[in-house]
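Please have the sequence and the model open side by side while reading this report. It moves from helices to their contacts and then to charged pairs.

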Amino acid sequence: STSDPSCQLFTVELLTDLLEQELWCQAILGATSLNFFISQDLCPLSPGELSMSCQLSSYATMKQQLLARDTFLSAAFRMLPLFPALGESFDHMRVCIIHQMASEDESALIEEDLTTSALNLLEMVLSSSEAACHEVVAPRNFSLWARFRKILLGNRNFQAQSACLVVLQLTLENVGPSEAETLLARYDLLTVLFEHLGFHQPEEVTT
């Protein structure tokens, strides 16, 4: 493989286009080592690190790499239900992606397009996977939800806010009632949703 970022970027974009063709789709999805490379090693910096390193001469290229990575992986997870036999090979990748996102600090929110693409990818990671939904609410990944709260109350990035709401819906639909209750209580998400809609939550809510 080549280490030239421009060549890597072109290759990933080409693979994303080929994923829409049945002839190539299964072969690409079955290339586990390739998919893990794109997921974990394509760009040397995380979104948060990149956001804090805007003076790098390679900043634009690395940002394109991150966006291309998210677009490719989103397309891969979207096509995966067509090939159930390959699903198991992606289960570990789902966990790795969730952990990777949870390790990001708040500087990852600076780049609005990167935030949106990451959330769109997370939606695909959680789709059709109860295990991934349970993983995303595990205590070790609660930092994700603190960031979701900031996005929903930020009133700037409407695309990211929409993606946050979809992620929230997917999660609550697939975890058990006790986990959902814990999640809502820990981050007071009902209050967040009220405020996101422009209302203040009543002091007492009867359910």
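What follows describes a predicted model, taking two of its helices, one helix pair and several salt bridges in turn.

**Helix α7**

Helix α7 is made of 15 residues, for which a span of 21 Å is expected at 1.5 Å a residue, and its end C-alpha atoms are indeed 21 Å apart. Of these 15 residues 11 are buried, so α7 is largely enclosed by the rest of the structure. The buried positions include Leu114, Leu119, Leu121 and Leu122 as well as Thr115, Thr116 and Ser117, and Met124, Val125 and Leu126 are also buried. The elements that cover these buried residues include α4 (47-51), α5, α6, α8, α9 and α10. After α7 comes Ser128, a residue with a positive phi near 60°.

**Helix α9**

Helix α9 covers residues 142-154, and its 13 residues reach 19 Å from the first C-alpha to the last, which is close to the 18 Å expected at 1.5 Å a residue. Which residues of α9 are buried? They are Phe142, Leu144, Trp145, Arg147, Phe148, Ile151 and Leu152. These buried residues pack against α6 (87-102), α7 (112-126) and α8 (130-136), and also against α10 (158-174), α11 (177-186) and α12 (189-196).

**The pair α10 and α12**

The axes of α10 and α12 come within 13 Å and cross at roughly 145°, and the crossing in which α10 passes α12 is left-handed. On the α10 side the residues in contact are Gln161, Leu165 and Leu168, and they meet Leu189, Leu193 and His196 of α12. Sorted by class, this contact has 4 nonpolar residues, 2 polar residues and no charged residues.

**Salt bridges**

Side chains of opposite charge can pair when their charged atoms come close. The count of salt bridges in the model comes to 4, and the table gives some of them with the distance between the closest N and O atoms.

| Basic residue | Acidic residue | Closest N and O atoms |
|---|---|---|
| Lys63 | Asp113 | 3.1 Å |
| Arg94 | Asp91 | 3.7 Å |
| Arg140 | Glu135 | 2.8 Å |

The salt bridge of Asp113 with Lys63, with its closest N and O atoms 3.1 Å apart, involves two helices. Asp113 lies in helix α7 and Lys63 in helix α5 (residues 59-79), so the pair ties together parts that are 50 residues apart in sequence. Asp113 is partly exposed, with a relative accessible area of 34%, whereas Lys63, at 18% relative accessibility, counts as buried because the cut-off for that class is under 20%.

Arg94 and Asp91, by contrast, belong to helix α6, where they are 3 residues apart and hence separated by about one helical turn. An α-helix has 3.6 residues a turn, so residues three or four places apart point the same way. Arg94 is buried at 7% relative accessibility, while Asp91 is partly exposed with a relative accessible area of 39%.

Is Glu135, the partner of Arg140, buried or exposed? Glu135 counts as buried, with a relative accessibility of 10%, whereas Arg140 counts as exposed at 57%.

How values were computed. Residues numbered from 1 in each chain as written. Predicted model: local features only at pLDDT ≥ 70, side-chain atom pairs only at ≥ 80, totals over all residues. Heavy atoms only, no water. Helix = DSSP H or I, 4+ residues; strand = E, 2+ residues; numbered from the N terminus. Expected span 1.5 Å × (residues − 1). Buried < 20%, exposed > 50% of the residue type's maximum accessible area, 1.4 Å probe, protein only. Contact = heavy atoms within 4.5 Å. Salt bridge = Lys/Arg side-chain N within 4 Å of Asp/Glu carboxyl O. Axes fitted to C-alpha atoms, helices over the stretch in contact; angles between N-to-C directions. Left-handed = near helix turned anticlockwise from the far one by under 90°. Nonpolar A, V, L, I, M, F, W, Y, C, P; charged D, E, K, R; others polar.
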